[in-house]
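Work through the exercises below with the structure open. Each task is followed by a stepwise solution.

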Amino acid sequence: MAVMAHETHVPTQTHAEVTRDVVATLGKPSRGYVLMLAGAIGMFVVGLITFVILLKDGLGHAGYTPPVMWSVYITTFVFWIGIGHAGTLISAILYLFRSPWRTAVYRATEAMTVFAVMTAGLFPIIHIGRQWIFYWLLPYPNQRYLWPNFKSPLLWDVFAISTYLTVSTVFLIVGLVPDVAAVRDKVSGWRKKIYGMLALGWTGSDTQWRHYTRAYLYLAALATPLVLSVHSVVSWDFAVGLVPGWHGTIFAPYFVAGAIYSGIGMVFTLLIPLRKAFKLEHMIQEHHFDNLGKLTLLTGSILFYAYMMEYFIAWYSGVSWEQTTFYLRAFGPMWWAGWTMIICNAFVSQLLWFKKIRTNVTALFVISIFINIGMWFERFVIIVSSLGNDFVPYAWGQLTPSWADWGILVGSFGWFLMYFLLFARTFPIVAIQEIKEMIPMPRKRPGVLH
Amino acid sequence: MATNSSEQSNGGMNRRKFLSVVGVAGGGAAVLPGCSTDRVQKLVPYLIQDENQVPGLATTYASTCTECPAGCGLHVKTREARAIKLEGNPDHPINTGALCARGHAGLQGLYNPGRLKSPMVRNADGSLDPVSWDDALARLSQEVARAGSGTRVISGAGPGTFSDLLAAWTQALGGRLVRYQPFDHEPLRAANRRVFGIDSVPSYDFGRAKYILEFGADFLETWLSPVEHHRGFARAHGYHDGEMAKFVSLTPRMSMTGMNADEWHPITPGSEAAVALAMANVILSERSGAPSDANALRGMLARHTPEAAAQEAGLGAEAIRRVAREFASAKPSLAVAGGIGSQHRGAEMLCAAVNLLNYIAGNVGQTIDFGAPVPTGDGYGALEALTSAMRDGHVGLVIVHESNPAYTVPATVQFEAAFTRVGFKVSTASVLDETAALCDLILPNHHGLERWDDLRPRPGVRSLMQPVMEPVFDTRATGDVLLDVARAAESGPLAQFTAASFEAHLKQAWVGVAQARGSTDPEQFWVDALARGGVFEDSPAAPVVSLAADAAQIVATAPAFDGDGDLVFMAYPSPMLFDGRGANKPWLLENPDPVTKVTWRSCLELHPDTAKALDVREGEILRLTSPHGSIEAPVYVYPGLHPGVVATPLGFGHTAYGDYAQGRGVNALDLLGAAPGAGGGLGFVAYASTRVRTERTGRYQQVPKTEGNPRQLGRGIAEAMPIGLAQRGLTPKEAHYAEVGGEPHEVNTERELEALAGFAEAQEHAATKGDYVGEHPQWGMVIDLARCTGCSACVTACYAENNIPTVGEQEVLRGREMSWMRIERYFEGGEDPGEPVEARFVPMLCQHCGNAPCEPVCPVYAAYHTTDGLNGQAYNRCVGTRYCGNNCPYKVRYFNWFPYNERSFPDPLHLQLNPDVTVRARGVMEKCTFCVQRIRGAQNRAALEDRDLMDGDVTPACAQACPADAIVFGDRMDPESRVSRAGRDHRGYHVFDALHVRPAVTYLAKVRYQEEG
Amino acid sequence: MRKLAMALGGSAVLVLAAWSLGRETSSAQGGRATPGAAALDSTTAPVLAAADTARLKGPRQPIFFRHDIHAGQYKMQCQYCHYSVGASSEPGIPSMQTCMGCHLVIGGADSATRAEIQKVRDAYNQKQPVEWVRVHYLARHAHFPHMRHMKALGPTACATCHGDVTRMPQVFKVNNITNMGWCIDCHLEKDVSRDCSVCHY
Amino acid sequence: MARTVPGVLGAFAHIDAATDAIRALRARGHTKLTVYSAAPNHEIEEALEHRVSPVRLFTLIGGLTGCAAGFAMTIWMSNDWPVLVGGKPIASIPPYVVIAFELTILLGALATVAGLVLLSLLRPTRGLMYDPRFSDDQVGIFVPCHGNQAAEVKDVMTRAGSIEVRRETG
């Protein structure tokens, strides 16, 4: 698809127009934007209040029903980590694949990544029993001479997520510098000062570009294995456990595919309205969505396969508890969650075989909503219904989420959207310099290609 | 003794001393988060050091349990002059070191928040107000003087010096004493009178029985002396070297006792007597060797053919014959009847029939000992008489002691109405129960652990009670109250009671005891007795028992049931709450009913078919209506029930008796008619005497049960094997294949096995480092399912030892109960019609795995492996990720979702906390520790004595409590330790062996009499 | 984001805290000198009145009980008052009776001392035990068996943790025994188990 | 504002014009050029005959350090207080690979950025002539030179087709 993109879809505007259009998005906020931002902050406050209550009384307010010791919080944690994967995939991996169609969308997705990981990062803290000593998970020297247990997948998480957050943030910032410089040279007054500072004295001189391009390449090269590793590590939180329904070698690839799938889902959900709001239709075009759609179809189909494989292995293993767990996923007390996951992920994604749908923005938006719901439920099913019916039948218990669960979930969306909206208003949401890189500069001897 | 330990006896628990306790003991004594750093700022010394109390060391006093009439011996463990744990007295002949759940919970009676803090008197406006002891006693003396011979006393106190005093005191006044126990086994006595001419209830020796036949006597739960029965039953029915007694149960409802039976036959309620007589008939007609005078019965028995009985009971005639023959051929055998659950109007006949059965089989004098009768009261008849006397206004003064008739007799008796017509009503209840609430004067008695007394549970046994600590509240021993009144009277009938205090009175009485035993030094005799817990001698030889004249005049007619409903209503005694006196003790409320696994409330039990027929499912609230009243409660579907029966436990539905008890569940007695005329005048309460109509309410109430799924799904959690295979020395796995056919086969190839072994070795090697180098004990446990009866004594013992919080009904509904040790109850069979249903118990606790899955996943090493093979849990390191809980295959890790430590121990309940065990804060994970505090304690003692630990130095609370000795604990590294030897039994297996987590707990498969394959 | 920042910041702070605590501990071990005790030889305790307690280290006690006189000057055994330290996890604090054992007779040399001793007598006669202010304590989740340490460390046992109270007119905390590190240092040095469940259960 | 560097700045709207200018100037020995462009442009790079940036060394060293640190930390900390969990070796390499990997990436990335900052952003661009248009749609070439050369440079640029040439006298 990279090739195809080369041939057909070179942006039509000139460099000057690109700068103008993008800088225009940083203008005065519309009423709609302000309302959305207010809504996001409101949601965040809901989550904040819930968290304070949890801090005060303990986790009991949430719906936890042993043996279901993890539920909505970890579900949402994995959900956000997953969202965080599309960004780096598009910005790093596709960069290495030299597929230019990414340029229009990668800035937005990368921002999404950073904020999604920021959101996810809250959950390990929210969900533990004694939130005030969460830092005990970090290897810091203390008078007790105690160190954390590096054999625990949770510690892998700590490292994987903090690394991922750092690297993707760095990646985003590095990408932003030349664009901020461009903005600096367009605006005036106090804004010029601020953007000037943020531009770190970028002038676009040849030496700067010379190192910049290499550095960016290596960052991309480092980020690529990271993307794959992070969700593998997250999947090992489960795969390393004995719990039937968790204990599977398929988990790493299965989760990575799921992560990208959900990530792109969220990209659709964010970009489609954004593109309208900021009038970027001529930069973020149908063919971008078309390609994203193909990626969704691919990952969605991998999920479909993974689901079938899980059931097959459960049956083929002949292990009683595996079989019971998977039977109950479909026909047990949590059947509704199980089927939501399968329909939204495995079936809905198959609609993307049709180009008509891939290029129909409205359809894509609807599908993306299904994807978000479906992927949240996938994690919910894997965690809750597996834990609820594991080894000891006598101890089985079924979870019913409570207001505290939903409060935190809503809050996390608020927290995420708040940052994303602020970013979209403050920084170029489309990568100016990369678009320009694609548009050949005018020549005084037209036709004579270099 | 403990009472002298402080100068301040300003009455009531001495707070300052308690402070000093906390200050010195530091430990979990006060209810504060386990990891809290706030500490007691003051150190308050004793004024005078008590030589019996060394801070930090436990002092044990011998005493006697008063939670039921059985009279088990106690060892009360005290720390810094606070009782912190009740244990069985190993020297005591009745319970020989074991103690049931109710016994353990006696501690919560002592520290019950509902206890009265001072005497109360009813004022003009009808309210009860606190009053000083002086005024209260003055008032009592005055009332006694006024009422004189019009005085009536209702006492639930067992036979002993206090009861003697009370009787003498009442008699001196010319009044009358009614010794009343709700479960008084009147039918049994009546039957003995009728058949043998002996007016007493014998003691039963299950230990010698080779065949046990039960017609609805829950002898492992509430019937007579449960712990003693447990000991015997485990000896007889616990599988050992190829032998065990067979146990057949014929009752409409499979009680916990029935669950331990090899055969359970759900027979029609009321048909038991017919079946028993039919069996007697079979034996008498087929077998010789019956006592000669039994021949007189032939004529009468001939009328009771197995066929007729089978007809009535809904049970095959062949089964009756077979059981009868087995029963007769096993010598000695034992048949029991007369449990509260099957106490219908024909109960007396039933007991009589069973007496004949035993007599004909020659068991009387073998397993039935009339030489050691168990204590009984005057029977319900006496109370009925008193009630009508009160109704007629002939009673001037009533003193109610240790009994609660306003709750324990059916409402239809209208005891309350009659009671209120008494001139002046006095109660000595230490908790404001239903009866006390009606009284004019309440003189709260000391708890059994705060006062002096002795009990005579049977001839030869004199069991002492002594105060183990300062009274918690401003209460007064009723014995002293009686003597005070006598002293106040100066002249008059009561003047004969001159003892300065009840303690003095008791010592005086014991001088007599000493002299009777030819002791030259009564003082020394007394001290020894106190240390031992009393004097324990063999009961006198059993009298020769023969049939009474009218023994043949027994007619087993099916008993009448009131009402025209289509279900027979069975009110059975709750194994936890007994007659209702347990209902104010959270330990008992949260300890699930062994049968239904329901906590905190009572449900209506229905057979699955009945439920289907009525189109109700678990949790739907059903209304039962009998001619005498109606109750509403959620349905619980229970396969161990006769389809024609609806059952619910007694002991719930209190209208008073403290916050824990009030308004919890329903009072089954509301459906019973026991007023004279309406089936009354029997001399006992017929608990199964009504038919009820059912009515759906369409309302639901989730049942707070601790069970998720009652089926094992073939996961081999609770293994059992037929005795035939056990005798062939098969392992559970081999037994399985022997039954289903096929061969046990190894799935791994040779090379794979080598690889596994090599890996394990390398792993072991790499894992030994630092502290882990060298020889350490490796603690382990063996649990014999052939002995475990599911009684749940271990559960309460664990709660008591380890400061486990009770979380309450709402949290149980979320499955958040904290029971480190739980008894899982699984059903086998009973799914298709006609297939017999079987129940299995398996105590589930932390298995302390060698390859514990919970350990490596903890990010902070809070869950880790100790050098002595424990699966450690450092509460203060735990951050509460709960990953360990998820990864534990046995689901034995419990999380503090809320600050239970602050919620579950309302003052003064927190005084029960064990200072040696950290009280866990919210947000941390906790679990069974194999009572590590006891291990460390033993190690400390051994170190001070410069010796190594010996086998038996450490006994966890559960093993110590177990009345069936099903639990063995010790060092697995020592091949000669009891646990190692027990673990080598061929019945041994690990739950979920396939996971290769190498548990330290080995289970021994249950053994059953059943056809193989 | 904020949370993660806290994580890093928090840990940084704690690193410093840990080190500073460590320093404090070591310095405390070194500095045993106490005001009043500094100038004197070990046999006779300094002359001090209750009024001086303010400038002495450690919390001010309801009665100015002089460990330096009892344990120092008169060389009374610690176990005489802390009677259960050799047998139990709790050292035990002397009952008022124990005090009166001597102070029925001993009334004190100077007026200041007499005043303090009178307090003891009054307390005993009024049956109002003295509420001493606690100096050393452990968190409730740490179990410290005194007897094991007495046996293992012998005569020097008490001073190891509590410092040389024979020089303390008013007892104060010499070592930061509430720090787990304090225990571990010794357990490492003596090569005894540092398994968590030895102390935490 | 630091002292400005004397020299000549030319703005180009056409890329080939810019490259021509560059080549011409370099031919005339003006090697210390600064070329501004809104986006990286390989034609300009070729004209300037850049060598590959040394940033990759930072990445390599950072990555290796991270990897080593990862293993060192985990293994040392495990042995510092050996705790047995799940019957696994005290220091068990397979799980530590994860930590080591993450640290490899982390330090690698941070080192790369450090390299970028050191090599380009910290280079003083102060005083070099600059024009906002260069971040928009034009290419700028600045040649530091003094009086006599200036005229020549201007001449080269205009011939190459610059749309505007300015001169800064220091």
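**Exercise 1.** How much area is buried between chain B and chain D, and what share of it do carbon and sulfur atoms give?

*Solution.* Keep in mind that this is a predicted model.

Step 1. Take the area. About 1200 Å² is buried between chain B and chain D.

Step 2. Split it by atom type. Carbon and sulfur atoms give 68% of that buried area.

Step 3. Locate the side of chain B that touches chain D. Helix H24 (750-767) and strand S31 (863-865) of chain B each supply at least two of its residues.

Step 4. Sort the residues on that side of chain B. They are 8 nonpolar, 5 polar and 2 charged.

**Exercise 2.** Describe the contact between chain B and chain D by residues and by polar links.

*Solution.*

Step 1. Count the partners. Chain B brings 15 residues to the contact, and chain D brings 10 residues.

Step 2. Look for salt bridges. The count between chain B and chain D is 0.

Step 3. Look for polar contacts. Across this interface, 2 residue pairs qualify, both at pLDDT 80 or more.

**Exercise 3.** Characterize the fold and surface of chain C.

*Solution.*

Step 1. Count the elements. Chain C has 9 helices and 1 strand.

Step 2. Read their order from the N terminus: α-α-α-α-α-β-α-α-α-α.

Step 3. Check burial. Of the 201 residues in chain C, 42% are buried, with under 20% relative accessible area as the cut-off.

Step 4. Check contact range. Take contacts in chain C between residues at least 6 apart in sequence; 62% of these join residues at least 24 apart.

Step 5. Finish with the surface. Chain C has an accessible surface of about 10200 Å². Carbon and sulfur atoms account for 63% of it.

Terms used. Residues numbered from 1 in each chain as written. Chains lettered and ligands numbered in written order. Predicted model: local features only at pLDDT ≥ 70, side-chain atom pairs only at ≥ 80, totals over all residues. Heavy atoms only, no water. Contact = heavy atoms within 4.5 Å. Buried area = accessible area lost by both parts, 1.4 Å probe. Salt bridge = Lys/Arg side-chain N within 4 Å of Asp/Glu carboxyl O. Polar contact = N/O pair within 3.5 Å; in protein donor to acceptor, adjacent residues only side chain to side chain. Helix = DSSP H or I, 4+ residues; strand = E, 2+ residues; numbered from the N terminus. Nonpolar A, V, L, I, M, F, W, Y, C, P; charged D, E, K, R; others polar. Buried < 20%, exposed > 50% of the residue type's maximum accessible area, 1.4 Å probe, protein only. Areas by Shrake-Rupley, 256 points an atom, 1.4 Å probe, with all protein chains shown as cover.
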